Structure formats: C-alpha cells, structure tokens
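Student: I'm new to this structure and would like a close look at a single part of it. Could you walk me through one strand and its surroundings?

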Amino acid sequence: MLHRKAISLSTSRATQFIDITGEVEKALRESGIKEGIATVYTRHTTTAVFVNEGESGLLRDYKRLLSLVPEGAGYEHDRIDRNAHAHLRAVLLGGSVAIPVVNGGLDLGTWQRVFFAELDGPRQRRVVVQVIGE
Ligand code: ZN
C-alpha cells in the first residue's frame, strides 16, 4: 500500500525551523499503514528536512551551523538569483528523511523530531509525506 500527502507551510522568516512531526504522524494515521517506511521530502531547492532534537538552544545552534555558509560570499549563482547561500545550506542539511514505521507509528527516538527548514523565506512551501507499507 502507498499513501501520499502534501503538507502546506507558510513560513514567516528568512530562516526558520518548523517541527512537522505532528503533521507527518497525521499523514501516517490517515494512511492506515502499520509497518513500512515514511519518506518526508521537500520539493524546493532552498528548504531542507532533517531529524533532530527540538531543544530551544539547539534551534539557535542550527542557525549557527548555517553560518558556515555565509550569505553573499561571492557565489556563482548570486549573479542570477541572489540566494546561493540558501541553496548551499539546503544541500548541507539534506532534502529528505526516511523513517521506519513500526506498529502504526514513526519509529523515532525519545528526542527525535522531524524538522522542515526554511532557508529563503518567507514563502509558501509544500512538503511531501509518502508512506509505503502494509
Ligand atoms: Zn536560486
């Protein structure tokens, strides 16, 4: 069985981390799938999806990580579309995660959450959740 759902997000800042774990769990419940795999995938080139902890200090530290790719550092892409830093930060964080589905739930560790990262907002965004299993 396969179930696919798009989650719409309105981001409000240039850089923003949104905990979408609840939305992914909702899509999983709607699928009725009990055992399998859930893929969470962003269809944008300046956003990311990752799994990690949602502690408030760590959310600020994620921004610090992104400073490894500073804005306007002479990138080629900035000649046509001044957001090369956002594309490169998206590559750094990754565009999808695959999470095992066990007994109808996401098999996440105690502190693990699913995050959507806006890296060139604010914008309207869509994240796809695709669940495969039985
Ligand atoms: Zn661009």
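Tutor: Let's take strand β7 and then follow its neighbours outward. This is a predicted model, where local features need pLDDT of at least 70 and side-chain atom pairs count only at pLDDT 80 or more, while totals for chains, interfaces and linings use all residues. Residues are numbered from 1 along each chain as its sequence is written, and side-chain values use heavy atoms, with hydrogens and water left out.

Strand β7 covers residues 113-118. Helices (H or I, at least four residues) and strands (E, at least two) are DSSP runs, numbered from the N terminus. Because 5 of its 6 residues are buried, β7 is largely enclosed by the rest of the structure. Buried means under 20% relative accessible area, exposed means over 50%, and partly exposed is in between (1.4 Å probe, protein chains only).

Who lies alongside β7? Strand β4 (residues 47-52) pairs with β7 in the antiparallel sense over 6 bridges, and V51 stands opposite V114 in β7. Strand β2 (residues 16-19) also pairs with β7 in the antiparallel sense, over 4 bridges; there, Q16 has E118 as its bridge partner. Two strands count as paired if DSSP finds at least two bridges between them.

Now step onto β4 and look at T47. T47 is buried, with a relative accessible area of 2%. Leaving aside residues up to four places away in sequence, T47 touches T42, A90, F116, A117, E118, L119 and R125; contact means heavy atoms within 4.5 Å. The side chains of T47 and T42 are also joined by a polar contact of 2.4 Å. That term means a pair of N or O atoms within 3.5 Å; within protein, one must be able to donate a hydrogen and the other to accept it, and residues adjacent in sequence count only if both atoms are side-chain atoms.

A90, one of the residues T47 touches, leads us to helix α3 (residues 84-93), whose buried residues are A84, H85, A86, R89, A90 and L93. What covers them includes β2, β4, α2 (56-66) and β7, so we are back where we started, with β7, the strand that is largely enclosed by the rest of the structure. Just after α3, G94 takes a positive phi of about 95°.
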